[in-house]
Amino acid sequence: MFISKKIIFSLLLFGSVNVSAQQLVFSTKAPKGGEALNFTYDPAGGTLANEKEIQCKVQSFVNLKRELGNVTLKKVGTVYKGTFLSKDSTDLVCLVFSAKAPTELSPQGYYIQFYDKGSVKANAYLAEAQLLTTMSSGVGVKADPAKAIRSYEKAFSAKPGLKKAYTGDYLTTLYRLDKERGKVLINNQIKSYQLEKNPTEVDMMTLMSLHLLLKDKAAAETLKPAIIIRYPKGNLAFNAAREPIYKEKDPDQIAQKMETLVKQFGLDPNNKADAMRISNLYYPLVHMYALKRNMEKFDLYSAKIINKTALASLANSVAWGLAEKNEEIDFAEALSKRSLTLLEEAKNEEIPSYYGSKEEYLADIERAYKTNADTYALILHHKGNDKEAVVYQERAGSAADADGNARYVMYLELAGDSEKAFKVADTYLKEGKGTAAMRTSFQKLYEKKNLTTPFATYMVDVDKAAFANKRAAWMKEMIDLPAPAFSLKNLKGESVSLASLRGKVVILDYWATWCGPCVASFPGMQKAQEKYANDKDVVFLFVNSWQREENRETLVKDFLTQKKYDFNVLFDTKNKQDPEIFDVITAYNVTGIPTKFIIGPDGNIKFKTSGFSGSADGVVEELDQMISLAKSK
């Protein structure tokens with residue numbers, strides 16, 4: 001539910017380009033696989049112009065598989081130089097220049113395709129098509145289904161063998177762009193598949209997906225038994241056999257049926273693909289045994305799970321739930337300790353393909369370890385071992401929130417180190433990272449010292465420092481970028497445009513009814529809206545987006561009625577070319593919800609935050625700071 005407020009800003013540049021005076025120049029316009037690709041990047045005039053540290057990540061397509069990596073940049077004067085060592089089978093390369101900054105607003109996407117014998121590679125065209133459709137939001141490239149269609153067709157023309165494997169993707173993109181033409185070609189393809197004497201399972205699954213694309217669910221459903229009969233050990237048969245198992249409530253019965261399923265389908269744990277299938281199969285069972293407080297069975301079946309970091313996260317989530325309630329503490333201790341051991345073991349595991357480097361992988365493990373150490377510290381406290389709890393809370397460090405900081409002070413005091421507890425609490429409170437409970441503890445520690453300055457007098461300066469530090473921290477998060485214009489209908493059918501709100505501070509909150517963190521943040525948003533109800537210069541707008549149900553408006557209206565929220569909800573519009581894309585949320589380059597934008601009176605975005613801060617009061621406090629600063633700038 002938590003997404004860091006410190007978002008990484010990424011400006012994606014591919015090829016030799018010039019965007020707002022930012023230039024990326026490659027050493028060649030027609031790169032070949034296996035060769036070094038040198039480049040020069042000049043951030044002058046762009047968002048990264050004043051950044052002291054700029055890093056470069058690489059996303060490359062190699063034999064149509066995406067690979068991630070990093071390039072070390074060398075600063076020469078005001079520009080950065082780097083070299084990317086391509087593989088022989090490289091199809092397309094993307095360089096991602098980034099620095100810590102508070103927004104991802106409107107990155108521009110540019111890419112460079114690789115050549116073979118003087119021509120763009122067929123695979124490069126296919127990679128481009130995917131980049132402009134299914135991968136566009138992930139890499140900051142504006143979706144362009146029309147261009148993607150042309151790229152698919154160029155790829156199929158240059159390498160006909162690609163057509164069969166990617167027909168489904170091509171026709172799906174075409175149908176979204178041009179339903180009439182798409183429908184004709186889809187029906188032609190359906191007839192072609194039906195004439196196949198020996199269709200593969202992939203062919204038959206594609207045929208089923210095409211029926212679903214045309215909303216012919218009956219035709220799709222009739223194919224299922226035929227596919228299972230023809231391919232009794234295939235993916236569809238496996239999924240069909242697995243589905244009823246999860247309806248069981250007894251984990252021992254589930255375990256027995258899973259073992260039968262593995263034997264039935266001849267899954268070999270020594271085969272990488274089979275091992276992953278087994279891992280995915282048993283993950284929910286492991287979770288069930290954790291919830292049932294059965295450590296023996298948790299250990300037995302967790303051995304089948306490949307992803308140890310995911311397993312550690314599962315263990316920690318259950319352990320934390322118990323620690324918060326101070327229940328089943330012996331079991332919680334065993335589970336929490338196991339989560340830490342799993343993370344240590346994960347350091348020596350194969351690095352997942354979605355990481356660009358071992359350093360990134362280990363950094364993620366370290367973050368997870370700190371989070372889990374916070375859980376273990378609380379459990380140790382419940383068991384009366386506060387000295388050890390101090391050790392693990394210190395290990396948690398920056399991963400702890402204000403409540404974690406308060407616990408650290410408590411552990412120190414209970415462990416007999418009142419002097420350190422006093423100093424730590426004093427520091428946290430001055431930094432604005434304290435809680436009411438910490439303040440109470442600090443008062444007792446302060447009064448024990450018999451200092452001449454009364455506590456209330458001392459806290460005046462502490463509170464001033466806290467306010468100044470919080471304000472300074474939020475000022476560092478400030479940006480000043482033009483907010484994309486929009487005009488959307490609200491629940492009453494009224495048009496609301498951003499232009500009409502010029503001169504006011506606008507809080508723009510992107511959400512959907514299915515989004516858990518969005519819903520969790522709403523008590524705080526309601527509280528904030530009520531606080532500013534009489535301030536004519538502050539406006540709250542809640543943009544409903546990524547809500548694809550046909551009864552969308554009814555869903556939203558019922559949700560607001562049930563929760564008793566009086567939000568002014570605007571409905572984001574679906575893109576005319578591609579209905580899967582929503583216009584305004586795309587213009588604001590939102591990659592996850594909830595995401596809030598604070599727009600100043602001048603029409604420029606001043607803040608962008610993602611996720612939920614954890615409490616209603618926390619939401620209000622954050623908005624207070626941002627609104628105040630937006631008004632003053």
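Is Glu 328 buried, exposed or partly exposed? In this predicted model, Glu 328 is partly exposed, with a relative accessible area of 48%. The residue sits in the loop between helix 12 (308-325) and helix 13 (329-346). Its phi is near 45°, a positive value in a residue other than glycine.

**Overall chain**

The chain holds 23 helices and 20 strands. For 633 residues, a compact globule would be expected to have a radius of gyration near 26 Å, and the 28 Å of the chain agrees with this. The C-alpha trace extends over about 90 × 60 × 55 Å along its principal axes.

Of the 633 residues, 46% count as buried. The accessible surface is about 31800 Å², and carbon and sulfur atoms make up 50% of that area. Among contacts with a separation of 6 or more, 65% are between residues 24 or more positions apart. The side chains include 87 positive and 77 negative ones, and the centres of these two sets are 4 Å apart.

**Strand 4 and its partner**

Strand 4 covers residues 36-42 and has two unlike faces: Leu 37, Phe 39 and Tyr 41 are on the covered face, while Ala 36, Asn 38, Thr 40 and Asp 42 are on the uncovered one. In a regular strand, side chains alternate between the two faces of the sheet. Strand 4 pairs with strand 8 (residues 79-85) in the antiparallel sense, over six bridges. From the covered face of strand 4, Leu 37 has Phe 84 of strand 8 as its bridge partner.

**The eight-stranded sheet**

An open sheet of mixed pairing is formed by eight strands in the order 13-20-19-16-17-18-14-15. Strand 13 (481-482) and strand 15 (495-497) are at the edges; each has a single partner strand, so one side of each lacks a neighbour in the sheet. At one of these edges, strand 13 pairs with strand 20 (residues 604-610) in the antiparallel sense over two bridges. Pro 482 stands opposite Asn 604 of strand 20.

Strand 19 is flanked in the sheet order by strands 20 and 16. Five of its five residues are buried. Thr 595, Phe 597 and Ile 599 point one way from the strand, and Lys 596 and Ile 598 point the other way. Unlike strand 4, with its uncovered face, strand 19 has buried residues pointing both ways.

Both of the pairings made by strand 19 that are described here are antiparallel. With strand 16 (residues 505-511) there are five bridges, and Val 506 stands opposite Ile 599. With strand 20 there are also five bridges, and Ile 598 has Phe 607 as its bridge partner. Strands 19 and 20 form a hairpin with four residues between them. Gly 603, in the turn of this hairpin, has a positive phi of about 85°.

The chain enters strand 19 (595-599) from a loop that follows helix 22 (583-587), and Pro 594 lies in this loop. The peptide bond joining Ile 593 and Pro 594 is cis, with omega at about 5°.

**Individual residues**

The accessibility of four residues is listed below.

| Residue | Relative accessible area | State |
|---|---|---|
| Leu 132 | 3% | buried |
| Gln 529 | 14% | buried |
| Asn 63 | 48% | partly exposed |
| Glu 328 | 48% | partly exposed |

Asn 63 is in the loop between strand 5 (55-62) and strand 6 (65-71). Its phi is near 50°, which is positive although the residue is not glycine.

Leu 132 also belongs to a loop, between helix 1 (122-131) and helix 2 (136-139), yet Leu 132 is buried. Its C-alpha atom is 6.8 Å from that of Lys 142, which is 10 residues away along the chain.

Where is Gln 529 placed? Gln 529 is in helix 20 (residues 516-531). At 14%, its relative accessible area falls under the 20% limit for a buried residue. Apart from neighbours within four places in sequence, Gln 529 is in contact with Phe 540, Phe 542, Asp 566 and Phe 567.

Conventions. Residues are numbered from 1 along each chain as its sequence is written. This is a predicted model: local features need pLDDT of at least 70, side-chain atom pairs count only at pLDDT 80 or more; totals for chains, interfaces and linings use all residues. Side-chain values use heavy atoms; hydrogens and water are left out. The radius of gyration is taken over C-alpha atoms; the globule rule is 2.2 Å times the number of residues to the power 0.38. Buried means under 20% relative accessible area, exposed over 50%, partly exposed in between (1.4 Å probe, protein chains only). Contact means heavy atoms within 4.5 Å. Accessible areas come from the Shrake-Rupley method with a 1.4 Å probe; for residues, only the protein chains shown count as cover. Lys and Arg count as positive and Asp and Glu as negative; His and the chain ends are not counted. The place of a charge is taken as NZ of Lys, CZ of Arg, CG of Asp or CD of Glu. Two strands pair if DSSP finds at least two bridges between them.
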